[in-house]
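User: Please take a close look at one part of this model for me, beginning with enclosed space and following the thread from there. I would like one connected account.

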Amino acid sequence: MNSLIEEKVREIREIVGDGKAIIALSGGVDSSTAAMLAYKAIGERLYAVFVNTGLLRKGEPEFVIKTFRDFGLNLVAVNAEERFFRALKGVIDPEEKRKVIGKVFVEIFEEEAKKIGADFLIQGTIAPDWIESRGGIKSHHNVGGLPERLKLRIIEPLRDLYKDEVRQLARELGIPKEIYERMPFPGPGLAARIIGEVTPERVRIVREANAIVEEEIERAKLRPWQAFAVLLGLKTVGVQGDIRAYKETIAVRIVESTDGMTANAMNVPFEVLQRIAFRIVSEIPEVCRVLYDVTNKPPATIEFE
Amino acid sequence: MIAIIENHGQYTHRIWRTLREIGVKAEIIENTTPVSEIKNRKPAGIIFSGGPSLERAGNCWEILERYGEFGVPLLGICLGHQLIAKFFGGEVGRGKRAEYSLIEVEILEEDDIFRGLPGILRVWASHMDEVKKMPRDFELLARSEFCEIEAIRHRELPIYGVQFHPEVAHTEKGKEIYRNFVYLCKI
């Protein structure tokens, strides 16, 4: 693997020359690893652009900004919550959603690159991203959202790798455990976990539910590939304190996988699932029912959209 | 070098990764590449990847027509398996039931690609079409509860077809199947 680091660093250095580059940093394993490779290659001429889309997990923007500032990276944090919500207004189709998000991302990267004077955009794209985009399964935001005429030249040092290989690389690069052990999180963020329209209110519900799932998985010391909540946009009847309820339904998805290409629904102890359901309904007043997804990938994908 | 012919499958790159892990050089080659060009690269073995439809299998049919010019072991995965069966006179069509994710496969004939593997293999599949009638001069190597023809072998030539996906991480002993194939390629 060390030779792989050298090879990638050399590759980035050759392409960028004495120019400047920006990296699209989400704080996930892939973009963090790509960022460290690029930092090794071009140092101060790298600018990490972190976009708060308003679609991130609880506490995530603060975590990412602090972690990477501590690293010494040139970090540009862009607050674009309103911009994403505006673009997503009325969008229901899952592919359309992904493309809208990809488009806003690219606009922001182009604007920031212009301010900095960078000609290159480094992305943490990995093999499943382009395999699924090309196969028409789903457009990954870093692939399917790109316009045909992009003003920036794209560099994707991790294109041929899968997540498990990227994690190993991250470890060797000295990236902290809290980052390389993070669960994968989709580029379109919580928007991929909301069926139907994405609004600040609906994001708030799924964000809370998602945090509960992650906390309980941590508490039970389980190590799934991913564990998350989805807002199904489907109301069902409940009875809460002798009162009829007609409220939202949350699906919980917990899967095991090596590389994200195939995945199995995890055999999570029933008590853990029940505790998740109890907490979601008691802490989020808009919800009255919780379901557990037992489907593998294939036939279902890991994320719902 | 093993040539992996890309039929737009989700797991084509996984085949490449598996071979890389075994330590064998492999190249993913678009199925629209002229057959003579593939020949010039002198592959020691050929793998037909899976994919969404027989119509998008490009030059795979021509590779089979000119198989004698290659004379190297050939392995078809999923759609690649169906393509081989169809070429040699078998029938391919929609299965009564689809197979997705975990299935148990009963190995009927261990040689050559299932050498050293258990009699029941827990593997992952992803298909709705299947081989419905065996091609001429082929032997059945494996079957499952949902699909009668899970793996086949030509009686004389080193040509193999497997309906499931040995290259995905969830398939038990999948890498061993590729190792057996690589062994046949004498690399």
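Analyst: **The largest cavity and helix α6**

The structure holds two cavities of 30 Å³ or more. A cavity here is a set of points on a 1 Å grid, laid over the protein atoms alone, where a 1.4 Å probe fits but cannot get out. Points are joined across faces, edges and corners, and the volume is the space filled by probe spheres set on them. Before going on, please keep in mind that this is a predicted model, where local features need pLDDT of at least 70 and side-chain atom pairs pLDDT 80 or more, while totals for chains, interfaces and linings use all residues. Residues are numbered from 1 along each chain as written, chains are lettered from A and ligands numbered from 1 in written order, and side-chain values use heavy atoms, without hydrogens or water.

The largest cavity encloses about 850 Å³. Its lining has 46 residues, and A:D30, A:H141, A:F185, A:P186 and A:G187 are the closest to the centre; a lining residue has an atom within 4 Å of a point. Two or more lining residues come from each of α2 (29-42), β2 (46-52), α5 (94-116) and α6 of chain A. These elements are DSSP runs numbered from the N terminus: helices (H or I) of at least four residues, strands (E) of at least two. By class, the lining has 19 nonpolar, 15 polar and 12 charged residues; Ala, Val, Leu, Ile, Met, Phe, Trp, Tyr, Cys and Pro count as nonpolar, Asp, Glu, Lys and Arg as charged, and the others, Gly among them, as polar.

Let's follow α6 further. A:E132 forms a salt bridge with A:K297 (2.5 Å, N to O), the rule being a Lys or Arg side-chain nitrogen within 4 Å of an Asp or Glu carboxyl oxygen. A:E132 sits in α6, whereas A:K297 lies in the segment after β9 (287-292), 165 residues away.

Next comes the chain partner. Chain A gives 24 residues and chain B 19 residues to their contact, meaning heavy atoms within 4.5 Å. About 1,500 Å² is buried between the chains, 52% of it on carbon and sulfur; this is accessible area (1.4 Å probe) lost on being put together, summed over both parts. A:Y162, A:T262 and A:P298 supply 31% of the area chain A buries there, more than any other three residues. Four salt bridges cross the interface, including B:R17 to A:E165 (3.6 Å, N to O). On chain A's side, α6 (127-134) and α7 (163-172) are the elements giving two or more residues, and α6 gives the most, with five.

Note on methods. Buried area is the accessible area (1.4 Å probe) that two parts lose on being put together, summed over both. On a 1 Å grid over the protein atoms alone, a cavity is a set of points where a 1.4 Å probe fits but cannot get out, and a pocket is an open set with protein on both sides within 12 Å along at least five of seven lines; lining residues have an atom within 4 Å of a point.
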